[in-house]
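Colleague: Could you pick one small part of this model and walk me through it slowly? I'm new to this, so please explain the terms as you go.

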Amino acid sequence: TLRFSSLKKRLPEAERQFQDVWSVAISGENVYFSTNGRLFRLTSSGELTVERGPGLLTRAYPAGEELYLSVASVGLMRYQPNQWRKVPGGERFSQIRISCVLPREGGSLLVGALDGFYQQRNSRFEPWPNGAAELLKKSQIYSCTATPFGLAVGTIQSGVVMLDRNG
């Protein structure tokens, strides 16, 4: 039997007023809940902490052992407990809605946005050439996940698009 247990009452009184939880993400042994201006972290020991973001937060994206967040007017940021770091080139997403973030070989990232995929190269994000680039641009990427054989991309207009590792 499942039982409901609110985490809200475990928060300090001053932190209990918030609106939407935009996303829930697991990274390492922590569970994160991202809201407009705060990131809640539930540790494996049951401790619940609150981090104020450097701006308006939207969604959290686990990628490997890292956690990334989209911050309005700033772009893509990496979060580690008590530290917010700008991702080199991540300012490209300061006005673009990010749909997903995936780790790539060599420590780089692949970012899905409404208008397509971007691959990180050094300190920049460039459009990722793939066989479905035009379809994805028209279809609007909503979510994506790595699969054993490539990527599954959920779109707003065209259902799921499957890509191999090379696009």
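Modeller: Let's go straight to Ser-99: a polar atom of its side chain lies 2.6 Å from the backbone oxygen of Ile-141. That's a polar contact, meaning a pair of N or O atoms within 3.5 Å; within protein, one must be able to donate a hydrogen and the other to accept it, and residues adjacent in sequence count only if both atoms are side-chain atoms. Keep in mind that this is a predicted model: local features need pLDDT of at least 70, side-chain atom pairs count only at pLDDT 80 or more, and totals for chains, interfaces and linings use all residues. Residues are numbered from 1 along each chain as its sequence is written, and side-chain values use heavy atoms, with hydrogens and water left out.

Ser-99 counts as buried because its relative accessibility is 2%, where buried means under 20% relative accessible area, exposed over 50% and partly exposed in between (1.4 Å probe, protein chains only). Leaving out residues up to four places away in sequence, Ser-99 touches several others, including Arg-59, Tyr-61, Gly-112 and Ala-113; contact means heavy atoms within 4.5 Å.

Ser-99 sits in strand β9; strands (E, at least two residues) are DSSP runs, like helices (H or I, at least four), numbered from the N terminus. β9 (residues 98-103) runs antiparallel to β10, joined by five bridges, and two strands pair if DSSP finds at least two bridges between them. Across that pairing, Leu-102 stands opposite Leu-110. As for β10 (residues 109-113), five of its five residues are buried: Leu-109, Val-111 and Ala-113 point one way, Leu-110 and Gly-112 the other.
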